Amino acid sequence: MNHELILKYFPNLTDEQKQQFDALDALYRDWNSKINVISRKDIDNLYPHHILHSLGIARIIRFRPGTKVLDLGTGGGFPGIPLAILFPEVEFKLIDSIGKKVKVAAAVAEAIGLKNCICEHKNVIEEKGKYDFIVSRAVMPMPDLVKLVRKNIHHEQHNSLPNGIITLKGGDIQAEMQPFKKSCEVWTLAQYFTDDEFFETKKVAYVPL
């Protein structure tokens, strides 16, 4: 079963969550044949490189029920869709400036019955909503991201981490994190996902706002 890799690191999945994670394989293969949202040579690595990678954020924080999360530059739905499956009582909004990619995310979310996730074709500059956290996957350097989304961060706190930005990053991010060195935190995903060398260069970077 496709969800077994996820279950290894997140053992408390409900039957519905297992079915939703399982369904992603066929859905993304089908959509990817029409609209390229995942590199063709990487579609066979959907679970480790995209789904589990997205869930790296859940190793850093367990979003509390009622938390509002904006996935900026979601592409085909990462990290938003895996996180929305894992946290059914959290509200997710997925936006991307490329309409055809958001179309894939919306179709996948609908197909697996996600009730806590809306997808919109939108540039972040147009986004007026307030959120506890902004999540993204290697969309832009952190200083640029902070400037764009500071306006979207809610000031009421509900979670173990103060509200802010949580992004999935790869490689050396020291320079881009330098302006935030007093407040930011960076975790290497290899310490959580131990069986795949893919995660050795993958990090989660957090900046409170």
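In this predicted model, N116 sits in the loop between α6 (99-111) and β3 (117-121). Despite its place in a loop, N116 counts as buried, because its relative accessibility is 11% and the cut-off for buried is under 20%. Several residues touch N116. Leaving aside residues up to four places away in sequence, they are A84, F87, P88, V90, E91 and F92. K93 offers a further reference point. K93 and N116 are 23 residues apart along the chain. Their C-alpha atoms are separated by 8.4 Å.

A second polar residue, Q20, was examined in the same way. Q20 belongs to helix α2, which covers residues 15-34. The relative accessible area of Q20 is 6%, so Q20 is buried. Beyond residues up to four places away in sequence, Q20 touches I85, I112, G113 and L114.

The nonpolar interior was considered next. The largest nonpolar core holds 55 residues. Within this core, F10, L24, Y28, F63 and I81 touch the most other members. One of them, F63, was followed in detail. Residues up to four places away in sequence were again set aside. F63 then touches I57, V69, F87, V90, F92, F133, V135, N159 and I166. Three of these names recur from the loop residue: F87, V90 and F92 touch F63, and F87, V90 and F92 also touch N116. A second core is separate from the largest one and has 18 residues. Its members include I134, V146, I165 and I173.

The chain as a whole was then described. The protein chain contains 8 helices and 7 strands. Its C-alpha trace spans about 45 × 35 × 30 Å along the principal axes. The radius of gyration is 16 Å. This agrees with a compact globule, because a globule of 209 residues would have a value near 17 Å. Of the 209 residues, 53% count as buried. Contacts also link distant parts of the sequence. Among contacts between residues at least 6 apart in sequence, 70% join residues at least 24 apart.

The surface and the charges complete the description. The accessible surface of the protein chain comes to about 9,800 Å². Carbon and sulfur atoms account for 50% of that surface. The chain carries 27 positive and 26 negative charges. The mean positions of the two sets are 6 Å apart.

Notes: Residues are numbered from 1 along each chain as its sequence is written. This is a predicted model: local features need pLDDT of at least 70, side-chain atom pairs count only at pLDDT 80 or more; totals for chains, interfaces and linings use all residues. Side-chain values use heavy atoms; hydrogens and water are left out. A nonpolar core is a set of buried Ala, Val, Leu, Ile, Met, Phe, Trp, Tyr and Cys residues joined through side-chain atoms within 4.5 Å. Buried means under 20% relative accessible area, exposed over 50%, partly exposed in between (1.4 Å probe, protein chains only). Contact means heavy atoms within 4.5 Å. Helices (H or I, at least four residues) and strands (E, at least two) are DSSP runs, numbered from the N terminus. The radius of gyration is taken over C-alpha atoms; the globule rule is 2.2 Å times the number of residues to the power 0.38. Accessible areas come from the Shrake-Rupley method with a 1.4 Å probe; for residues, only the protein chains shown count as cover. Lys and Arg count as positive and Asp and Glu as negative; His and the chain ends are not counted. The place of a charge is taken as NZ of Lys, CZ of Arg, CG of Asp or CD of Glu.
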